[in-house]
Amino acid sequence: MLLKAIIVSDAPKLATSSCIIQRSSSRRKPLSTSSVPPRASRTNVDKQTTTTDGDFYQVLQRYSTLYRIVLARPMSNGLILDEWQRIYIQVVNELGLLLDGEKAKQCCMRLSCRLLVKGPEGFVQDPNYHMETRGSLYDAWETMDGLTSSNWPGFYDSGSGSIDVRIVATHSKVSQKACCPPKSIYIHISPVFEEPYSFHALPLVIGPVEVEAEKSARTNDTWGADRQSKAMHRAFCLDQTSMSVFLIKEGWMCGTPGKMWDSALVLSDMLVNRIRHQPQYLEHRRIIDLSAGTGSVGLLISSIYQRWFPDRMPQITLTDLPEALSLIEFNKNLNFNSDINANVRIEPLEWGNIDHTTHIANSGPVDLIIASDVVYNPSCFSLLVQTLETLSTPGRTVIYLGYKRRGLKEEDEDQFFKLCSANFHISLVQKNQMSDGFGDWEREQAPLVRDSDDGKGWMGILPSGRTSSLGNPQETGVRVYRLTKKIN
Ligand SMILES: C[S@@+](CC[C@H](N)C(=O)[O-])C[C@H]1O[C@@H](n2cnc3c(N)ncnc32)[C@H](O)[C@@H]1O
């Protein structure tokens, strides 16, 4: 398959995402039913007929405005103080597709690096050690890989780049021999958003990495498989003063649940901005992050409440297929202590499984269901809708459905919303919306909207303390729908 061939060998595999992508049919039917909710206006790309794999690849690329920095090659998970180590990285979209063409040529991104250690209130910068960085000079054979030498660490007119790093003691009084370097650190690599480094991408956090003061027999062989790591995380800013962050581990090889999809980023943006401005918004609410994947949206909400508004903590249940729960569990344990267990639960929920759904529904009425990027497989639509119906209470439950068109046929899209419209009011979330069909509690708080002015700072903070965003969340291609159950 051409699409597989495009992905460089060690980059996250598109194959893991294959079930979320379906080729659009070459003919599009006009919108057929009045039950279909209002759509965001379609782009030329939407209307375009895609005929070849190459065209389809271009369509998948053009739907992307949110990019991620990922590891291009595994890196050693044992670092020696004061020794340079090169980290090979790439810029990809949510499907793992490497930047190409004009986009790649525009990719001028300087990176900065900081060391994170786990503290009582999230991951914070290591006070004793820091990371020095430099641009990389390549040997002739390496330039064949698409890499170019650069004066700065990062990307230079290319989606492939690198950063040379070394860990050094911050204060000269910290004697490297006397003071043991931190055993387990995380390396936070983030873009510097300053002219001319204008390209944006989600920062990358790698680790845990062990740091040793001197080369030991064990670290001599840094190429050994047991010393290689591809563990990648995304970071969210929790506190701009302490610059503490919340980490979500991704498992790009674990299939669709293994990474944060664009809808999860957009929904996090909307919800986190609302909570920041209006902490009572989700106070003591019962929330389900349905098919949570990495668990990012639900865990981020819990984390913000725990950090800033512990007295208002909502009850959050994260669900997914049984085989997908271990990553959510991992991310919960990565960020929280066991005392969070009363407020954050992880439960199996396969769409249409009566036992799973009933178990969750029996725990009490649900206020908010976050359904991020769950609409992609037409064979599951009726079970998914049935599950949403069982979990919803009229007048109370509000569902936020994040959907990004990737290749689902238009008639399938229509079919999904037609199924929903039998029992749900559906509206596209945007500014200036009418308040029909809102949950009572949400009407009191004012409905959630997508606000382009709000998209600042949601992707984390820069070492300078300034916030960064990935641009206008309106341009992500993600549409957010609100569904509320009709009163029969
Ligand atoms: C594209 S991922 C979205 C993950 C996450 N919500 C996000 O937006 O990043 C789709 C999710 O649906 C889950 N899923 C797929 N089929 C399912 C089913 N039959 N029942 C329950 N969950 C399912 C997958 O495990 C995966 O976590």
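**Why these labels?**

Me: α7 passes α8 in a right-handed crossing. What makes a crossing right-handed?

Reply: This is a predicted model, and the label comes from which way one helix is turned relative to the other. A crossing is right-handed if the near helix is turned clockwise from the far one by less than a right angle, and left-handed if anticlockwise. α7 over α8 falls on the right-handed side.

Me: Which residues make that contact?

Reply: From α7 you have Ala-264, Leu-267, Ser-268, Leu-271, Val-272 and Ile-275, and from α8 Ser-296, Val-297, Leu-300, Ile-301 and Ile-304. By type, the contact of α7 with α8 has 9 nonpolar residues, 2 polar and no charged.

Me: How do you know whether α7 and α8 are roughly parallel or roughly antiparallel?

Reply: Check the angle. Helix α7 (residues 262-277) packs against helix α8 (residues 296-308) at about 20°, and the axes are 9 Å apart. Angles under 35 degrees count as roughly parallel, so α7 is roughly parallel to α8.

Me: What makes α10 and α11 roughly parallel?

Reply: Again, the angle. The axes of helix α10 (residues 354-361) and helix α11 (residues 381-391) cross at roughly 25° and come within 9 Å. With the cut-off at 35 degrees, α10 therefore counts as roughly parallel to α11. This crossing is right-handed too: α10 passes α11 that way.

Me: Which residues meet there?

Reply: Thr-357, Ile-360 and Ala-361 of α10 meet Thr-387, Thr-390 and Leu-391 of α11. The split for α10 with α11 is 3 nonpolar, 3 polar and no charged.

Me: Why are α11 and α12 called roughly parallel?

Reply: Their axes cross at roughly 30° and come within 10 Å, helix α12 being residues 410-421. The label needs an angle under 35 degrees, so α11 and α12 are roughly parallel to each other. Their crossing is right-handed. Phe-381, Ser-382 and Val-385 of α11 make the contact with Gln-415, Phe-416, Leu-419 and Cys-420 of α12. The contact of α11 with α12 divides into 5 nonpolar residues, 2 polar and no charged.

Me: What places Pro-378 beside α12 in the fold?

Reply: Pro-378 sits in the loop between β18 and α11, and leaving out residues up to four places away in sequence, Pro-378 touches Asp-412 and Gln-415. The C-alpha atoms of Pro-378 and Glu-413 are separated by 8.3 Å, although the two residues are 35 apart along the chain.

Me: Why is Pro-378 called partly exposed?

Reply: Pro-378 has 15 C-beta neighbours inside 10 Å. Exposed takes 12 or fewer and buried 20 or more, so Pro-378 lands in between, as partly exposed.

Me: Asp-373 is in that loop between β18 (368-372) and α11 as well. Is Asp-373 buried or exposed?

Reply: Buried, because Asp-373 has 23 other C-beta atoms within 10 Å, and the threshold is 20 or more.

Me: What makes the backbone of Asp-373 worth a second look?

Reply: Its phi is positive, about 55°, although Asp-373 is not a glycine. Most residues other than glycine have a negative phi. His-284 does this as well, with a positive phi of about 55° and no glycine excuse. You'll find His-284 in the loop between α7 and β15 (286-290).

Me: How do you know whether His-284 is buried or partly exposed?

Reply: Count neighbours: His-284 has 13 C-beta neighbours inside 10 Å. That number lies between the limits of 12 and 20, so His-284 is partly exposed.

Me: And why is His-425 called partly exposed?

Reply: His-425 has 17 other C-beta atoms within 10 Å. Buried would need 20 or more, so His-425 stays partly exposed. His-425 belongs to strand β20 (residues 424-428). Thr-484 is 59 residues away from His-425 in sequence, yet their C-alpha atoms are 5.2 Å apart.

Me: What makes the bond from Gly-207 to Pro-208 cis?

Reply: The omega of that peptide bond is near 0°. Most peptide bonds are trans. Pro-208 is part of strand β11 (residues 204-212).

Me: Which residues are closest to the ligand?

Reply: Pro-257, Ala-264, Ser-291, Gly-293 and Ser-372, out of 20 that surround the ligand. That shell splits into 12 nonpolar, 5 polar and 3 charged residues.

Note on methods
Residues numbered from 1 in each chain as written. Predicted model: local features only at pLDDT ≥ 70, side-chain atom pairs only at ≥ 80, totals over all residues. Axes fitted to C-alpha atoms, helices over the stretch in contact; angles between N-to-C directions. Helix = DSSP H or I, 4+ residues; strand = E, 2+ residues; numbered from the N terminus. Parallel < 35°, antiparallel > 145°, perpendicular 65-115°, else oblique. Contact = placed C-beta atoms within 7 Å. Nonpolar A, V, L, I, M, F, W, Y, C, P; charged D, E, K, R; others polar. Near = placed C-beta within 6 Å.
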